[in-house]
Amino acid sequence: MSAYVLLFKELETKEKVIYCYGPNEQQLGKIEYNKITKTFQEIEGIQNFSQKESDHYLSYAAKKIASILRRGEEFPDETFFA
């Protein structure tokens with residue numbers, strides 16, 4: 001199953017970047033990428049979504065952030081992808 005995922009950068013430091021992610025601006029969770037340990041962590045799931053649905057969007061958000069890393073690009077302030 002494919003989905004559109006919206007990412008808004010909330011915070012970026014030398015150690016981490018935090019994005020709000022979800023299907024739209026009203027339904028967002030939060031994901032953190034630790035630049036030092038190179039790991040992802042869900043900070044907050046998408047409210048009013050089942051765990052399965054929230055995990056689905058979390059997975060897509062992590063994949064998008066990983067693709068940005070692979071290309072060596074800077075973390076964008078906002079992005080939308082399918």
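1. Where does G72 lie? In this predicted model, G72 sits in the loop between α1, which covers residues 51-71, and β5, which covers residues 78-81. G72 counts as exposed because its relative accessible area is 62%, and the cut-off for that class is over 50%. Measured against the sequence, G72 and E15 stand 57 residues apart, while the distance between their C-alpha atoms in space is 16 Å.

2. For a reader new to the structure, the overall plan may help before the details. The protein contains 1 helix and 5 strands, and along the sequence these elements follow the pattern β-β-β-β-α-β. The loop that holds G72 therefore belongs to the last step of that pattern, as it lies between α1 and β5.

3. The overall dimensions can be set beside a simple expectation. A compact globule of 82 residues would have a radius of gyration near 12 Å, and the protein agrees with this because its own value is 12 Å. Along the principal axes, the C-alpha trace spans about 30 × 20 × 20 Å.4. Burial, contacts and surface fill out this picture. Of the 82 residues in the protein, 40% are buried, and among contacts with a separation of 6 or more, 39% involve residues 24 or more positions apart. The accessible surface comes to about 5,200 Å², and carbon and sulfur atoms account for 48% of that area. The protein carries 11 positive and 13 negative charges, and the mean positions of these two groups are 7 Å apart.

5. The pairing of the strands can be followed from β1 onwards. Strand β1, made of residues 5-12, pairs with β2 in the antiparallel sense over 6 bridges, and a hairpin of 3 residues joins the two strands. Within this pairing, F8 has C20 in β2 as its bridge partner.

6. Strand β2, which runs over residues 16-24, also pairs with strand β3, residues 27-34, again in the antiparallel sense and over 7 bridges. The hairpin that connects β2 to β3 passes through 2 residues. Two positions help to locate this pairing in the model: C20 stands opposite K30 in β3, and K16 stands opposite N34 in β3. C20 is thus a useful residue to find by eye, as it is the bridge partner of F8 and also faces K30.

7. Which residue in β4 is the bridge partner of N34? The partner is T39, and this bridge belongs to the antiparallel pairing of β3 with strand β4, residues 39-44, which extends over 5 bridges. N34 can likewise be looked up from the other direction, since K16 stands opposite N34. The hairpin formed by β3 and β4 has 4 residues between the strands.

8. The backbone at K38 deserves a careful look. K38 is found in the loop between β3 and β4, and although K38 is not a glycine, its phi is positive, at about 55°. For context, most residues other than glycine have a negative phi. K38 counts as exposed because its relative accessibility is 59%, against a cut-off of over 50%.

9. N48 invites a similar check. This residue lies in the loop between β4 and α1, and its phi is near 65°, a positive value in a residue other than glycine. How much of N48 is accessible, and is the residue buried or exposed? Its relative accessible area is 79%, so N48 is exposed.

10. The final strand can be examined through E78, which lies in β5. Leaving aside neighbours within four places in sequence, E78 is in contact with L6, L7 and F8. The C-alpha atoms of E78 and Y21 are separated by 9.9 Å, and these two residues are 57 residues apart along the chain. Of the residues that E78 contacts, F8 has already been met in the pairing of β1 with β2, where its bridge partner is C20.

Definitions and conventions:
Residues numbered from 1 in each chain as written. Predicted model: local features only at pLDDT ≥ 70, side-chain atom pairs only at ≥ 80, totals over all residues. Heavy atoms only, no water. Pairing = 2+ DSSP bridges. Rg over C-alpha atoms; globule rule 2.2 N^0.38 Å. Buried < 20%, exposed > 50% of the residue type's maximum accessible area, 1.4 Å probe, protein only. Contact = heavy atoms within 4.5 Å. Areas by Shrake-Rupley, 256 points an atom, 1.4 Å probe, with all protein chains shown as cover. Lys, Arg positive; Asp, Glu negative; His and termini not counted. Charge placed at Lys NZ, Arg CZ, Asp CG, Glu CD.
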